[in-house]
Amino acid sequence: MGEVTWIEVVARHREHALRQRVDAASLTLGRAWDNDIVLDDPHVAAHHLRIERDEAGAWTAHDLGSVNGLHVEGERGRREQVALAPHVTLQVGQCLVRLHRGDEEVAPEVPLQRRSPWPAALVLVALVVLAALLEQWRGETGEPKLIRYVTGALALATVLALWTAAWALVSRLFGGHARFGAHLLVAAAGVLAYSLYDPLCELVAFALSWPRLALYAWAGAWIALAATCFSHLRVVSAKRLRLKAIVVGALATLAIATQSFTIADRNANWGQAVVLQRLAPPWLRLATQRTPDAFFDGAASLKARLDEARSEEPAGDDAASMSLD
């Protein structure tokens, strides 16, 4: 008995469409029903290619004059014939065709995930909603109204559901499984992390009198978003994680740099003072408070510098025009 050989066909969405054992020395692939392997792809010719085995056992693929041609994945240009090996993948239309030998090594067995992500995901969703309600309560300055709390919780739950559904669709298209529960777990964890991070930044900024910490707290939002997207991509597929991390990190860095330059330019043009948007009880402040004498001394020093600046002659074009007058 000769060497065991299998042919594998992968559809355009990276799903295994066919795995068939090959016993003959020659077979044809195409869309016509008289082929040995029928490819359901409109970009494949009726008789697209023939795969033949020689006396030494080597396999070769021959193009049968198709319009779209025979290609090797990762290479440019069509080929009239290709010597097949386990590491060579043919592109036929939008299908991928591979040849496998029976003695090839396969990847290790992947353990089954017997623990469902749904319990943890639902717990995190509940914590996210609770954190949002507490933040709503903390910001109340008037009489609390139930409708504001209900509307906020429903809006947050809707955004979580839509975000998770979008990633589940991506996972279904490129990974073969929706994994809605796993994506919901990732999304809820990301939102909860930022829900705790944002008020913590404001609290530390108030306690230590660092208003710029709260001003640039949005950088943490970009980092949390990048980490969440990377986790979603990992759920979709565990392949090329380093490349995914580099791309997501680069996009997050670009977003942080762009927003930093925008804020710096706006502050330079408008000269806005950096202040905290929310106040907290005085007992939370850890920084030493300034005494009234220190405040008035600083005001007097500032007044002296302003008076000196007003007494100086204007510089540049304004000074030149005044001298001509």
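**Salt bridges, a helix face and two cysteines**

Let's start with a charged pair: Arg50 and Glu52 form a salt bridge, with their closest N and O atoms 3.9 Å apart. Keep in mind as you look around that this is a predicted model. Neither partner is hidden away or fully out in the open: Arg50 is partly exposed at 29% relative accessible area, and Glu52 is partly exposed too, at 32%. Salt bridges that share partners also tie Glu8, Arg19 and Arg98 into one network.

How many salt bridges does the structure hold? The count is nine. One of them brings together the side chains of Glu8 and Arg19, at 3.1 Å from N to O. This pair links distant parts of the chain, since Glu8 sits in strand S1 (residues 5-10) and Arg19 in strand S2 (residues 16-22), 11 residues apart. The two ends have quite separate surroundings: Glu8 is buried, with a relative accessible area of 5%, whereas Arg19 is exposed at 53%. Another bridge joins Asp23 to Arg21, where the closest N and O atoms are 3.5 Å apart. Here Asp23 is exposed, at 62% relative accessible area, while Arg21 is partly exposed at 33%.

Now move along to helix H1, residues 118-138. Its 21 residues should span 30 Å at 1.5 Å a residue, and the end C-alpha atoms are indeed 30 Å apart, so the two values agree. Which residues of H1 are buried? They are Ala121, Leu124, Val125, Val128, Val129 and Ala131. Look down the axis of H1 and these buried residues fall within an arc of 155°, so they line one face of the helix. Pro119 and Trp137, on the other side of H1, are exposed. As for what covers the buried residues of H1, the cover includes helix H2 (146-175) and helix H3 (180-208).

Next, find Leu70 in the loop between strand S6 (59-63) and strand S7 (71-72). Is Leu70 buried or exposed? With 0% relative accessibility, Leu70 counts as buried. Its C-alpha atom is 6.7 Å from that of Glu80, although the two residues are 10 apart along the chain.

Last stop, the cysteines. Cys95 is buried, with a relative accessible area of 8%, and Cys229 counts as buried as well, at 18%. A disulfide would need a pair of cysteine sulfur atoms within 2.5 Å, and by this rule the count comes to zero.

Terms used:
Residues numbered from 1 in each chain as written. Predicted model: local features only at pLDDT ≥ 70, side-chain atom pairs only at ≥ 80, totals over all residues. Heavy atoms only, no water. Buried < 20%, exposed > 50% of the residue type's maximum accessible area, 1.4 Å probe, protein only. Helix = DSSP H or I, 4+ residues; strand = E, 2+ residues; numbered from the N terminus. Expected span 1.5 Å × (residues − 1). Arc of directions from axis to C-beta. Contact = heavy atoms within 4.5 Å. Salt bridge = Lys/Arg side-chain N within 4 Å of Asp/Glu carboxyl O.
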